[in-house]
Amino acid sequence: MAQKRKTGTLSTLFFSMLSISAFTFGGGFVIVTFMKRKFVDELHWLSESEMLDMTALAQSAPGAIAVNAAILVGWRAAGFAGMLMAVLGTILPPMLILSVISFFYASFAANPWVAGVLRGMQAGVAAVILDVVCDLGGDVLAGRSPVHIAVMVCAFLAAWVFGMSVVYIILAAAGVGIALAMIQSIRKRGKGNPA
């Protein structure tokens with residue numbers, strides 16, 4: 001029975017990531033949005049805070065955000081086998097599509113219809129990314145942590161207003177997170193060892 005349940009989980013992971021990856025244009029943040037809808041809202045395999053943490057880790061780690069997020073979600077859902085299925089489902093569609101496009105690149109690049117379709121997709125991608133920002137940013141605001149809200153606002157200003165590199169923003173946010181974790185750890189030790 002447990003083996004059947006694990007096989008079902010693995011196939012759900014594979015086909016979910018396959019369909020998300022095959023029908024998503026616009027990169028990792030768009031895929032993360034659909035992953036949240038599937039694994040948090042529909043299947044309830046992850047909580048919103050876990051998905052938010054996984055998104056931050058996926059963006060911070062080297063490599064494609066979509067693959068990094070698939071690794072984390074797959075590992076959380078079904079361990080090593082889940083990670084493999086999620087990654088395989090994520091990389092198959094772009095690999096196949098890019099292989100086909102590479103054979104016909106000259107025709108695609110010069111075709112005004114293809115260029116028009118891609119411009120239209122950019123508008124849709126912007127809307128999906130805005131949806132992610134509102135959804136995950138709303139979770140941060142709902143947490144009512146002044147530090148988290150300040151980090152979110154500062155990160156936005158650093159990127160949008162000052163044009164700072166995302167790498168520096170991620171490193172600064174990680175530094176704040178490490179400092180907060182250390183402060184909380186010191187406070188817990190202080191409460192646990194009364195003088």
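1. Thr55 has its place in helix H3, which spans residues 48-60, and in this predicted model the residue has a relative accessibility of 7%. Because buried means under 20% relative accessible area, Thr55 counts as buried at that value. If residues up to four places away in sequence are set aside, Thr55 touches Val32 and Leu136.

2. Ser16 can be read in the same way, beginning with its place in helix H1, residues 2-22. Its relative accessibility is 6%, so Ser16 counts as buried. With residues up to four places away in sequence again left out, the contacts of Ser16 are Lys38 and Phe39.

3. The pairing of helix H2 (residues 28-42) with helix H4 (residues 65-103) deserves a careful look, since their axes come within 8 Å and cross at roughly 25°. Angles under 35 degrees count as roughly parallel, and H2 and H4 are therefore roughly parallel to each other. On the H2 side the contact is made by Gly28, Phe29, Ile31, Val32, Met35 and Phe39, which meet Ile65, Ala66, Ala69, Ala70 and Val73 in H4. Sorted by character, the residues of this contact divide into ten nonpolar, one polar and no charged. Two of the H2 residues have appeared above: Val32 is touched by Thr55, and Phe39 is touched by Ser16.

4. How many disulfides does the count come to? The count is zero, and the positions of Cys134 and Cys154 are worth following here. A disulfide is a covalent bond between the sulfur atoms of two cysteines, and the rule applied asks for a pair of cysteine sulfur atoms within 2.5 Å. For Cys134 the closest cysteine sulfur is in Cys154, at 19 Å, which is too far for a bond. Taken from the other end, the closest cysteine sulfur to that of Cys154 is in Cys134, again 19 Å away and too far for a bond. Cys134 is also exposed, because its relative accessible area is 52% and the cut-off for exposed is over 50%.

5. A last point concerns how far the model can be trusted from place to place. The chain averages a pLDDT of 84, and 94% of the residues score at least 70. Confidence is lowest in helix H5 (residues 105-110), where the mean is 71, and highest in H4, where it is 90. Where pLDDT is low, the predicted coordinates should not be read in detail. For the helix pair in point 3, it is useful to recall that H4 is the element with the highest confidence in the chain.

Terms used:
Residues are numbered from 1 along each chain as its sequence is written. This is a predicted model: local features need pLDDT of at least 70, side-chain atom pairs count only at pLDDT 80 or more; totals for chains, interfaces and linings use all residues. Side-chain values use heavy atoms; hydrogens and water are left out. Helices (H or I, at least four residues) and strands (E, at least two) are DSSP runs, numbered from the N terminus. Buried means under 20% relative accessible area, exposed over 50%, partly exposed in between (1.4 Å probe, protein chains only). Contact means heavy atoms within 4.5 Å. Axes are lines fitted to C-alpha atoms, for helices over the stretch in contact, and angles run from 0 to 180 degrees between N-to-C directions. Angles under 35 degrees count as roughly parallel, over 145 as roughly antiparallel, 65 to 115 as roughly perpendicular and the rest as oblique. Ala, Val, Leu, Ile, Met, Phe, Trp, Tyr, Cys and Pro count as nonpolar, Asp, Glu, Lys and Arg as charged, and the others, Gly among them, as polar. pLDDT is the predictor's confidence in each residue, from 0 to 100.
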